[in-house]
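Q: Please take a close look at one part of this model, chain B, and describe how its interior is packed and how it meets its neighbour. A connected account would be preferred to a list.

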Amino acid sequence: MFSYIVKRILAAIATVLLVMTITFFLMNAIPGSPFLTEKSTPQQIELANEKYGLNEPYIIQLKNYVVNYFKGDLGVSLKMQEGADVGTIIFGQNKFLISIKLGLLSLLTSIILGIPLGCYAAYHRGSWIDGLLRVITTVGVAVPTFVLAAVLLIVFAVKLGWLPTLSGSLDNPLAYIMPVISLAFYDICYIAKLTRTSMLDAINQDYIRTAKAKGVKNKWIVLKHALRNSLIPVVTFLGPLTAGIITGSFVVETTFSIPGLGKYFVESVLNRDYPIIMATTVLLASLVIFMNLVVDIVYKFIDPRITYTSKEA
Amino acid sequence: MEERKKLLQIRDLKKHFAIKRGFRNKTFVKAVDGVSLDIYKGETLGLVGESGCGKTTLGRTAIRLYEPTGGQIIYDDKTIYDGEKKIKEPMLPYRRKMQIIFQDPSASLDPRMTVGEIVGEALDIHKLYQGKNERMGRIKSLLDAVGLNTEHSNRFPHEFSGGQQQRIGIARALAVEPEFIVCDEPISALDVSIQSQVVNMLEDLQAELGLTYLFIAHDISVVRHISNRIGVMYLGNLVELAKSTELYKNPIHPYTKTLMSAVPIPDPEKTRARERLILEGDIPSPMNPPKGCKFHTRCPYATARCKEEIPQFKEYGKEHFAACHMLETYGA
């Protein structure tokens, strides 16, 4: 197990390097320059390129990124906040923390609500609650985040006035409710659907009947035998879900004016702010890779048949 | 012959499954439709019949793995289910006494649990040990009893062969020291060479522990080998019940006769000389079974009476029961 984790971490570093290389060449492949505006003269652009080292050969530029990243230096912003340190832009003013907090809250909400709802629907298959849940989850998977966010804002903040509109400071815990619902709703529905399907499969298995014959209580049959055997598809979904929740927060953060990191993912590309593109991409890639590692380790716990040794059976 | 004690009595037991057809439209599959049966302590009662005749459902309903639709179940002189009087005893104490071995050994073992956990879970539920050492000792002796290596308790079911998996299933059933075991086609999923091993083991265990079996199978030769008495089922009903030698030599119900004539004999001379009875048509749908005697659609001797009236299950010879109008009219 230990050597497996070490291997995975080494592979993760290689993957991040690969992501950096690909991102670097892709962003340079787009014609134009961060300094190109209607007013700028060729001399100004030349000067700026010189200043930020954009005249160097690509391979040297890439090397500089990699070396500086290992030193913990993310470079300076070229355009969005010219001259400001990228590390400060991303991690300053709690931006990263706010996004992560929002993301983790949504992730927890979707797991805590999605799995029990799916179990309930599976156990009461064909009941009116199952039917209602099926309609809600289908709608939930189909409705885009921005529609849901807008509807929530209009109903609960504007018309009813129950929840605050401007979430600027996020000091008020109530301010989290709408963003978290908007962000998590799709995932709640998707997890509930996944859980229902795999739970239905599990509860019709023979070993559930065996457990009943042993005299296991219903509650334990669900928790110990059925749920454990139906969690694999759900856990698999959690890896990409985490990444989706962090990046997906752009729309939600914009709608609810939350000062998070989300907007930098998109605006840095539009602005050709190379160092910010690199930093956000590497951050996201690391997050995805880390979550996939967590998922693989969790697999081991819920399905002991999975072994990570290369030994041939 | 010594005094025989009735261990399990089943009276007019019914199990109907509801099937939804369209909106608010339910039909019922009458998998078991009024079966009465006594099982004596220490005996093996074989149960045979075609696929879909309800023998598995009967086995599972008898120990209330399926909740019956109607009838009575009396275990050791105590009523544990009565459809009319609405008696539904809590099953937990009876799960210790009545166990079941399932047909598909690989599917009936939780793939996420080790063999030790599978066997140990039954011990945990019924609190059959004091301290961890005794628990481990019990698990090991159970594995030993079914001929498995005691070091296998940390392995997972998929690491075993079909025969070994069935042994795990048997060890699991034996863990609670039951008196009565439903063997639901315990060998039909196994390789022929393994079948006899498992059957012999079941017989040895019976002799050693004084077990009572309800042995369900579709292979009459195996059932004859292991059973004291044999019941024949057709479309949710018992059509004939007799001692196994008697049933073999002298089947009286037309359905049993055709079943017996289909058993292969390992002698080509005899096979050629034998009169082979072949049934017309297919087994009717249990959703909409024929009126009267359910067998009349395929019975070569069916009369007008058979189409209208349900035949009584009566004794025609010594401990030889059958349900057929023809026997009533002409005798066995």
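A: The account below goes from the overall form of chain B to its interior, and then to its contact with chain A. The model is predicted.

Chain B contains 12 helices and 13 strands. Its C-alpha trace extends over about 70 × 55 × 50 Å along the principal axes. For a compact globule of 332 residues a radius of gyration near 20 Å would be expected, and the 21 Å of chain B agrees with that. Among the 332 residues of the chain, 41% count as buried. When contacts with a separation of 6 or more are considered, 62% of those in chain B join residues 24 or more positions apart.

The interior may be approached through the largest nonpolar core, which has 87 residues. In soluble globular proteins, nonpolar side chains tend to be buried together. The members of this core that touch the most other members are Ile100(B), Ala171(B), Ile181(B), Cys183(B), Leu214(B), Phe215(B) and Val239(B). Ile181(B) may serve as an example: leaving aside residues up to four places away in sequence, Ile181(B) touches Gln99(B), Ile100(B), Ile101(B), Ala173(B), Leu211(B) and Tyr213(B). Another core, of 38 residues, lies apart from the largest one and includes Leu194(A), Ile203(A), Leu231(A) and Val234(A).

A local view of the packing in chain B is given by helix H9, residues 254-261, whose buried residues are Pro254(B), Tyr255(B), Thr256(B) and Leu259(B). An α-helix has 3.6 residues a turn, so residues three or four places apart point the same way. The buried residues of H9(B) pack against two helices, H7 (220-226) and H8 (244-249), and against two strands, S10 (229-234) and S11 (237-243), of chain B. Val239(B), listed above among the core members with the most contacts to other members, falls within the range of S11(B).

There remains the side turned to the partner chain. Here 19 residues of chain B are in contact with 16 residues of chain A. Helix H2 (92-95), strand S7 (98-101) and helix H3 (115-125) of chain B each supply at least two residues of this side, and the largest share, three residues, comes from H3(B). By class, the residues of chain B that touch chain A are 10 nonpolar, four polar and five charged. Strand S7(B) also links this side to the interior, since its range of 98-101 takes in Ile100(B), one of the core members that touch the most others.

Notes
Residues are numbered from 1 along each chain as its sequence is written. Chains are lettered from A and ligands numbered from 1 in the order in which they are written. This is a predicted model: local features need pLDDT of at least 70, side-chain atom pairs count only at pLDDT 80 or more; totals for chains, interfaces and linings use all residues. Two residues are in contact if their C-beta atoms, placed from the backbone, lie within 7 Å. Helices (H or I, at least four residues) and strands (E, at least two) are DSSP runs, numbered from the N terminus. Ala, Val, Leu, Ile, Met, Phe, Trp, Tyr, Cys and Pro count as nonpolar, Asp, Glu, Lys and Arg as charged, and the others, Gly among them, as polar. The radius of gyration is taken over C-alpha atoms; the globule rule is 2.2 Å times the number of residues to the power 0.38. A residue is buried if 20 or more other C-beta atoms lie within 10 Å of its own, exposed if 12 or fewer, and partly exposed in between; C-beta atoms are placed from the backbone. A nonpolar core is a set of buried Ala, Val, Leu, Ile, Met, Phe, Trp, Tyr and Cys residues joined through C-beta atoms within 7 Å.
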